[in-house]
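Biologist: Please take a close look at one chain of this model. Tell me how it is built, and how it sits against its partner.

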Amino acid sequence: MSKHLKYFRSSFGLTLLALPAIVFIFIFSYVPLYGLVLPFKEYNFEKGFLHSPWIGLTNFEFLFNSDLLHIIRNTVVMNALFISINVIVEVAVALLLFELGKRATKVYQTVLFLPFFISWIVVSYAVFGFLDSDTGIVNKLLAAFGMDPVMFYNSPGYWPLILVVAHVWKFLGYGTLMYYAALMGIDAEYYEAARLDGATRFQQAWHISIPLIRPIIIIMVVLSIGNIFYSDFGLFYSVTQDNALLYPTTDVIDTYVYRALRQLGDFGMSSAAGLFQSICGFIVVVLSNYAIGKISKEDKLF
Amino acid sequence: MIQSQKRFNLFVHLFFIVLCAIVVVPFIMILAASFSQELGIIRHGYWIWPRGLSLDAYHLLAKNSQQLIRSYTVTIITTAAGTVLGLWLMTTLGYAISRRDYKYGNGLSFYIFFTMLFRGGLVPSYILVTQWLHMKDTIYALFVPVLVNAFYVLMLKGFLRSIPDALYECAKLDGAGEFTIFTRIVIPLATPAIATVGLLMALQFWNDWFSSLLYTDSPSLLTLQAMLQKMLTNMQFLSVIKPVSMSSGALPQATFRMAVCVVAVGPLLLVFPFFQRFFTKGLTVGAVKG
C-alpha cells in the first residue's frame, strides 16, 4: 500500500499538471453520461434532473412512429453515400496527382484544399447562389437551354445528389491529401522495377499504389463507418436552410434532436433519440474496431 | 514511350485545371455577386462575373457594420481564448500520458479514449451548460465546453512520444520540477505538433456557429458564422438592427448578403492557405493513429 502511496507522491507533479484537463473531461464528457437515464424521466426545468419524476418508457414511444424510420434511413443512407463516393473520388484524384511532378501538385493541392477552410454556412450561400429558383445559376442555365426551371428548395428528390456533391466538394482536398501523403511514402523502387518489367501507368497504380495504400483506405472507411449514426449537422441543417419541405430526404437524427430540443423544447423525445444514437454509435464503433482488428491488428483502436 | 507519357501528363494537367476551376467557381460566384448591381442579379441571376459593377452592397455594409464588428470581436475572442486555453489543457494532459515512466498513463489514456466511444449526447450537454453551469447566453458557452478534444489529446500524445525520456531525466537531475520541464523542454520541442493542433482548433472555433445557435439568444454573442447563418434564413437580419434608407428604394439583399459573406470569410481564406502544410501534416499523422 505504501508503495502505491509513494509512487503517487513522487509522480504528483505530473498528475497536478494534467489535472485541469482531467477535470475538464470529467465535467464535459462524463457528467453528460447521466443522459443515459434522462429519457426515462419527465424532465422539468423547475424541478431539475434529480427531482423530475420517472416515467418509464413513454419517451421511447416515438421509436415506433414512422417519423423515426425515415430519419434513421436518411442518416445511414446519406452517410453511406458520402463514405463510398468520397473514398472513390479521393483515391482516384490522389492517384492522378501522384502522376505529376511535385511543383505542379502544390498549386492544385492548395486550390483543392480551399473548401476545407470554410464553414457549411458559407457553402450554404454558394449552394443558394446555384439553386435559387429565380436567380440561381442552374436555373438560368436551364432557361438558356429552353428547359423549365426547377424549384430545388421545394423538391426533396434532388437533395441527396446536391448534398453528396457539396460533401465531395468540401472534403476533396482533405481526403486527397491524406491518400497522396500515403502514396508519397511508397518506396520508389517498386515503380522502377515495374517499369523495367514494362508495366503501364495504369498497371502500376492498380498493382502497386492501391494495394500499398489499402490499409489507410480501410482505416479511413472504417473510422467513418463508426460515425454512421452521426451526421454533419451543418450540412443537413444549414445547406438545406432547415427547409421543412425537404425533410423527407434531408432530416437526420442530429437535426431532428436539435429541433425537438430547441424549437419544441421536448427534452424527453430528444434525449431518447440521443440515447438511441449513442447506443447505435457505440455498437458500430465496437464492430468496426473488430473489423479493423481482423484486417490489421496494429491499427486497432482499442 | 516518352511521347505517350508527355501526352498523358498533359491530359492529367488538363484534368486538374478543370477540377480546380470547378472547386473555385462557388467562391468566385460569391465574390462576383458582392460586386454586382442588385438589379443585374434580379434580372439575370448570379454568375461568375459581376452583373454590372457596383459597390452598393459594400457601402450599405459600411453603414450597417455594427453587428459585423461585434461578431468579429466575439469570433476573435472565442478563437483566441479557446485555442490558447485548449492547447494548454490538451498539451499538459497529452504530455503526462506520453511519459513512459508515468504509471497512470495507460489508465488515463483509456479515460480519454472512452469519451470518443460513448457520448452523452446533445440534450444532457445542453442541460449541463445551461442549467448547471449557468453559461447560457454568455461568451463562455462558445468555447469552454469544447476546450478539450479527446482526439487531439491522443494525437499530441503520439507526437510527444517521440521526445526521448532521457531528456526529462537529465532535467530532473538538474533539479527541474515537472512544471519547469513542461514549459522549458516540452513546449519548445513540441512546437510543430502544438502548432498543428492549434491551427485545427483555431479553424474549428473560427467556423463555429452551432454553439452560438444552441447556447445564445442575444445578437451581441453571435459569432461570424452564426451571423451569416441568421442572415441566410432571415435576409432582413442585419438591416433590421439598424434600418437605412436607400436612395434606390429596395434593399440590395442578393448582393448585400454575399458582401457580408466575403467580408466575414475573406480574411481567413487569405491567411489559412499559408498554414496548409501544418494541416496536412496533422491530418496525416492523426489519421494513421489516434
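Modeller: Start with the contacts inside chain B. Counting contacts with a separation of 6 or more, 71% join residues that are 24 or more positions apart. Keep in mind that this is a predicted model. Burial comes next: 43% of the 290 residues of chain B count as buried.

Now the secondary structure. Chain B contains 15 helices and zero strands. Its radius of gyration is 24 Å, while the globule rule gives 19 Å for 290 residues, so chain B is more spread out than a compact globule. The C-alpha trace spans about 75 × 70 × 35 Å along its principal axes.

The UniProt record adds some labels. In an unreviewed entry, it lists "transmembrane region" for residues 12-35, 72-96, 108-127, 139-160, 181-206 and 254-275 of chain B. Two of these spans can be set against the coordinates. Residues 72-96 of chain B are 100% helix and 0% strand. The C-alpha atoms at the two ends of that span are 36 Å apart. Residues 254-275 of chain B are 82% helix, again with 0% strand. Here the end C-alpha atoms are 33 Å apart.

One helix deserves a pause. What surrounds helix α7 (residues 150-160) of chain B? Eight of its eleven residues are buried, so the rest of the structure largely encloses this helix. The buried residues of α7(B) are Tyr152(B), Val153(B), Leu154(B), Met155(B), Leu156(B), Lys157(B), Phe159(B) and Leu160(B). Note Lys157(B) in that list.

On to the partner. In all, 75 residues of chain B are in contact with 73 residues of chain A. On the chain B side, helix α1 (residues 2-34) gives the largest share, with 14 residues. By class, this side of chain B has 53 nonpolar, 17 polar and five charged residues.

Take one residue of chain B that reaches across. Val123(B) is placed in helix α6 (residues 122-132) of chain B. Is Val123(B) buried or exposed? There are 27 other C-beta atoms within 10 Å, and 20 or more are needed, so Val123(B) is buried. Set aside the neighbours within four places in sequence. Val123(B) is then in contact with Gly35(A), Leu38(A), Leu261(A), Phe267(A), Ser270(A), Ser271(A) and Gly274(A).

A helix pair gives a second view of the meeting of the chains. Two packed helices are described by the angle between their axes and by the distance between those axes. Helix α9 (residues 178-189) of chain B packs on helix α2 (residues 12-30) of chain A. The angle is about 60°, and the axes are 8 Å apart. The two helices, α2(A) and α9(B), are therefore oblique to each other. From α9(B), the contact uses Glu178(B), Phe179(B) and Phe182(B). From α2(A), it uses Gly13(A), Leu14(A) and Leu17(A). Sorted by class, the contact of α2(A) with α9(B) has four nonpolar residues, one polar and one charged.

Finally, the partner itself, for context. Chain A has 14 helices and zero strands. Its radius of gyration is 25 Å, well over the 19 Å that the globule rule gives for 302 residues, so chain A is more spread out than a compact globule. Its C-alpha atoms fill a box of roughly 75 × 75 × 35 Å along the principal axes. Buried residues make up 39% of the 302 residues in chain A. Of the chain A contacts with a separation of 6 or more, 68% are between residues 24 or more positions apart.

UniProt, in an unreviewed entry, annotates residues 72-288 of chain A as "domain: ABC transmembrane type-1". That span is 76% helix and 0% strand. Its end C-alpha atoms lie 19 Å apart.

One residue of chain A closes the tour. Tyr180(A) lies in helix α8 (residues 159-184) of chain A. It counts as buried, with 25 C-beta neighbours inside 10 Å. Leaving aside neighbours within four places in sequence, Tyr180(A) is in contact with Ala94(A), Leu97(A) and Phe98(A). Asp251(A) is 71 residues away from Tyr180(A) along the chain, and their C-alpha atoms are separated by 34 Å.

Conventions: Residues numbered from 1 in each chain as written. Chains lettered and ligands numbered in written order. Predicted model: local features only at pLDDT ≥ 70, side-chain atom pairs only at ≥ 80, totals over all residues. UniProt positions renumbered as here; feature names shortened; annotations may be inferred. Helix = DSSP H or I, 4+ residues; strand = E, 2+ residues; numbered from the N terminus. Rg over C-alpha atoms; globule rule 2.2 N^0.38 Å. Buried ≥ 20, exposed ≤ 12 C-beta atoms within 10 Å, placed from the backbone. Contact = placed C-beta atoms within 7 Å. Nonpolar A, V, L, I, M, F, W, Y, C, P; charged D, E, K, R; others polar. Axes fitted to C-alpha atoms, helices over the stretch in contact; angles between N-to-C directions. Parallel < 35°, antiparallel > 145°, perpendicular 65-115°, else oblique.
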